[in-house]
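Here is a set of short questions and answers on one structure. Look it over first, then read on.

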Amino acid sequence: MSEFWRISAEGRLQAPSGDAAWTEGFLAAKDQWTKACPMALTSGSTGQPVEHRFSTEAVLASAEATAQHFGLDHPDLETVAAWSALPAAGTGGRMMVWRALALGWDLTVSRPAAAPAVPPVAVPHGRYHFAVATPLQAKHLMDSGQLHRFSILLLGGAPVSPVLEAALEQAALQARCRIYHGFGMTETLTHVATRSLGTEAYTALPGVEIGTAASGALTLDIPRRGVQQLVTKDAVEILPAPARGDVDGPQFRWLGRLDDVINSGGLKFHPATLERRWSSPLKATLGDRRWFVTGRPDHSLGARVTLVVEGPNNSTLEAAVLDALADAGNARPRAVEFQQHFIETASGKVRRN
């Protein structure tokens, strides 16, 4: 039985034979596009899933912005060959189907799984022009030596841990694969900005206007996608226009979720910012061990910055971590905890508890 579902640039389907229930969602997405009623549900990671309906014009605007942002709209480029192993239930998986139908891409979908297989593609150099994956899937693609199958790989659905990002960045260089991390949500029809792995600055896609609210939250205006003054729950820093002319849009640095702030003695720290800042100094101490930053109750500070490391208790390692971050000022961790095994969500997010 085939483990792949395909839709050609002409809209022809190649469906697996036998029991292929996993393809039903992709057929539904194709049917929605044909009937001009695209819809998707939010992930539910921050509340109950919410249904969103979109116009075909909004979907087309998102698809065209992606193609322009990644240079996939070049007139000399042959038909774009795309790949995905994202489930059809999410906006990312559905948007790949809608991009293929709207732009005439040739799309191959592998059975959604944490460890997907990538079929051969009949294009020069044997590389898919564009692909999407979760960080968990990207780790498998790296470990199984499949990164060389892509020219561009866009990650989404979950944060990329500092350890995984460093490993992917190195592997991508060897595989000659450009890897990006996307920023977006269901309401905006997936990504509105992307950053190259190894960098902090997100660059907005064409047609995306960014700003900040009084709370420091990112605001988005995307008229062609039907988005007006959307106030997100993400704290950002808008970056000044770069001196170089090779950046195509406004940029911002993601600081963290507004509802994920450690208030320690009146000072506020975003765990995501500290994790990026400490990735390099902790590399020599923790190696490939996974870790994250969180806040723990403290009777005098209100909350204390705590670094949680995967693995058994190790007093020697604890001392080494505290020593490595001794110069981190008021943000330095006040404690180190160990968890034998981190618990993950289906998309590969570590449950921070």
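## Salt bridges, cores, strands and rings

Q: Is Glu-275 buried or exposed in this predicted model?
A: The relative accessibility of Glu-275 is 8%. The cut-off for burial is under 20%. Glu-275 therefore counts as buried.

Q: Which residue meets the side chain of Glu-275 in a salt bridge, and how is that residue classed?
A: The contact is 2.6 Å, N to O, and the partner is Arg-352. Glu-275 sits in helix H6 (residues 271–286), while Arg-352 lies in the segment after strand E20 (335–339). The pair links distant parts of the chain, 77 residues apart. At 40% relative accessibility, the partner, Arg-352, is partly exposed.

Q: Which residues are joined into one network by salt bridges that share partners?
A: By the distance rule, the model has 16 salt bridges. Some share partners, and these join Glu-200, Glu-237, Arg-253 and Arg-276.

Q: Which residue in E15 is the bridge partner of Glu-237?
A: E14 and strand E15 (residues 251–257) run antiparallel, joined by five bridges. Glu-237 also belongs to a salt-bridge network that includes Arg-253. In E15, the bridge partner of Glu-237 is Arg-253.

Q: Which residue in the turn between E13 and E14 has a positive phi?
A: Strand E13 (residues 217–222) pairs with strand E14 (residues 227–238) in the antiparallel sense, over four bridges. One bridge sets Ala-217 against Ala-235. The two strands form a hairpin with four residues between them. The residue in the turn with a positive phi, about 75°, is Gly-226.

Q: How are Lys-139 and Asp-143 placed in helix H4?
A: Their side chains meet in a salt bridge at 2.7 Å, N to O. Lys-139 is partly exposed, at 39% relative accessible area. Asp-143 is exposed, at 52%. Within helix H4 (residues 135–143) they lie four residues apart, about one turn of the helix.

Q: Is Lys-35 buried or exposed?
A: Lys-35 forms a salt bridge with Asp-31 at 3.2 Å, N to O. Asp-31, at 35% relative accessibility, is partly exposed. Lys-35 reaches 55%, so Lys-35 counts as exposed.

Q: Which element gives the most to the largest nonpolar core?
A: This core has 32 residues, and those with the most contacts inside it are Leu-72, Trp-105, Leu-107 and Phe-130. Several elements each supply at least two residues, among them helix H1 (24–34), helix H2 (56–69) and strand E7 (130–133). The element that gives the most, with five residues, is H3.

Q: How many residues are in the second, separate core?
A: Its members include Ala-138, Ala-171, Ala-172 and Cys-177. The count for this core is 25 residues.

Q: Which aromatic residues does Phe-130 touch, beyond those up to four places away in sequence?
A: Phe-130 has contacts with Thr-66, Leu-72, Met-96 and Arg-99, among others. The aromatic residues it touches are Phe-70, Trp-83 and Trp-105.

Q: Why does the pair of Phe-70 and Tyr-180 tie together separate parts of the sequence?
A: The pair is edge-to-face, 5.1 Å centre to centre, with 70° between the planes. Phe-70 lies in the loop between H2 and strand E5 (81–84), and Tyr-180 in strand E9 (residues 178–185), so the parts tied together are 110 residues apart.

Q: Which residues do ring pairs link into a cluster with Phe-70?
A: The whole structure holds eleven aromatic pairs. Phe-70 and Tyr-180 are both buried. The residues clustered with Phe-70 are Trp-105, Phe-130 and Tyr-180.

Note on methods. Residues numbered from 1 in each chain as written. Predicted model: local features only at pLDDT ≥ 70, side-chain atom pairs only at ≥ 80, totals over all residues. Heavy atoms only, no water. Core = buried A, V, L, I, M, F, W, Y, C linked by side-chain atoms within 4.5 Å. Buried < 20%, exposed > 50% of the residue type's maximum accessible area, 1.4 Å probe, protein only. Contact = heavy atoms within 4.5 Å. Salt bridge = Lys/Arg side-chain N within 4 Å of Asp/Glu carboxyl O. Pairing = 2+ DSSP bridges. Phe/Tyr/Trp six-rings, centres within 6.5 Å; stacked < 30°, edge-to-face > 60°.
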